[in-house]
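Q: Please take a close look at the sheet of this protein, and explain step by step how its strands are arranged and what packs around them.

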Amino acid sequence: APGKGSTFQLTIPIAQQGQDAKPSAFSDKRTRAHSRELWPRLDGVRLLLAEDNLDNQELIKRILVEQGAQVELANNGQEALDKALSGSFHTILMDIQMPKMDGYEVTERLRKSDVKTPIIALTAHAMSDEREKCLRKGCNEFLVKPLDFARLIQIVFEQIKAVKR
């Protein structure tokens, strides 16, 4: 009803210019984690991005290319399967919900074809059972959309390092 409800007031102390202004440990850590200059480089890394949403394709590809990766796109599950079987990729980024064939089926078929390339599931479904299902189907890692790009770059880097061992 109009005129009823709650009112909240938040006061945030901010240091004035000239005072000793030191950022909190949280903000400093967050700034470092999201500073692209500090992300691992992906120079020479070949990635397959299986993603049917054109906006997501553009954004994800741009971030990966800025880090030095070469990115090939697949617009649906069948295209992802064909490209993964015929190409040589360091990592596959697999959208789970795609037309023609979903990411689960693509991943299962790749694993049955003895493809060992790391597969990182990308999904809007954040439930813990979704993560377990992706891993059970053969994915190596799992990321929830909207993507944390610092985390994406780190996971790609870690998967490539693990394969080289």
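A: In this predicted model, the elements follow one another from the N terminus as α-β-α-β-α-β-α-β-α-β-α. The protein thus contains six helices and five strands. Of its 165 residues, 38% are buried. Among contacts with a separation of 6 or more, 62% involve residues 24 or more positions apart. The protein exposes about 10600 Å², and carbon and sulfur atoms supply 50% of that area.

The sheet itself comes next. Strands of a sheet pair through backbone hydrogen bonds, and the pairing may be parallel or antiparallel. Here the five strands form an open sheet in the order β2-β1-β3-β4-β5, with parallel pairing. Strands β2 (residues 70-74) and β5 (residues 141-144) stand at the edges; each has a single partner strand, so one side of each is left without a neighbour in the sheet. On average, neighbouring strands of this sheet are turned by 20° against each other, direction ignored.

Individual pairs can now be examined. Strand β1, which covers residues 46-50, runs parallel to β2 and is joined to it by five bridges. Within this pair, R46 has Q70 of β2 as its bridge partner, and L48 has E72 of β2. Strand β1 is largely enclosed by the rest of the structure, because four of its five residues are buried. Another parallel pair is formed by β3 and β4, which four bridges join. In that pair, M94 stands opposite A121 in β4.

Is strand β4 mostly covered or mostly uncovered? Strand β4 is mostly covered, since five of its five residues are buried, where buried means under 20% relative accessible area. Both of its faces are covered: I119, A121 and T123 are buried on one side, and I120 and L122 are buried on the other.

Helices lie against this sheet. Helix α3 (residues 77-86) lies across β1, β2 and β3, and runs at about 135° to β2. Helix α4 also packs on the sheet, where it touches β3 and β4. The direction of α4 makes about 150° with that of β3.

Helix α4 has a helical partner as well. Two packed helices are described by the angle between their axes and by the distance between those axes. The axes of α4 (residues 103-112) and α5 (residues 128-137) come within 9 Å and cross at roughly 30°. Angles under 35 degrees count as roughly parallel, and α4 and α5 are therefore roughly parallel to each other. On the α4 side of this contact are Y104, T107, E108 and R111, which meet E130, K133, C134 and K137 of α5. The residues of the contact divide into two nonpolar, one polar and five charged.

The loops that link these elements also deserve attention. The loop between β3 and α4 contains K100. The phi of K100 is near 70°, a positive value in a residue other than glycine. With a relative accessibility of 72%, K100 counts as exposed, because the cut-off for that class is over 50%. On the other side of α4, in the loop between α4 and β4, lies D114. D114 likewise has a positive phi, of about 65°, although it is not a glycine. Its relative accessibility of 52% means that D114 counts as exposed.

After β4 comes the loop that leads to α5, and A124 lies in it. A124 counts as exposed, because its relative accessibility is 57%. Leaving aside residues up to four places away in sequence, A124 touches V144 and K145. A124 and P146 are 22 residues apart in sequence, yet their C-alpha atoms are 7.1 Å apart in space. P146 belongs to the loop between β5 and α6 (residues 149-164). The peptide bond that joins K145 and P146 is cis, with an omega of about -5°.

In brief, the centre of this account is an open, parallel sheet of five strands. Helices α3 and α4 lie against that sheet, and α4 is roughly parallel to α5.

Methods
Residues numbered from 1 in each chain as written. Predicted model: local features only at pLDDT ≥ 70, side-chain atom pairs only at ≥ 80, totals over all residues. Heavy atoms only, no water. Helix = DSSP H or I, 4+ residues; strand = E, 2+ residues; numbered from the N terminus. Buried < 20%, exposed > 50% of the residue type's maximum accessible area, 1.4 Å probe, protein only. Contact = heavy atoms within 4.5 Å. Areas by Shrake-Rupley, 256 points an atom, 1.4 Å probe, with all protein chains shown as cover. Axes fitted to C-alpha atoms, helices over the stretch in contact; angles between N-to-C directions. Parallel < 35°, antiparallel > 145°, perpendicular 65-115°, else oblique. Nonpolar A, V, L, I, M, F, W, Y, C, P; charged D, E, K, R; others polar. Pairing = 2+ DSSP bridges.
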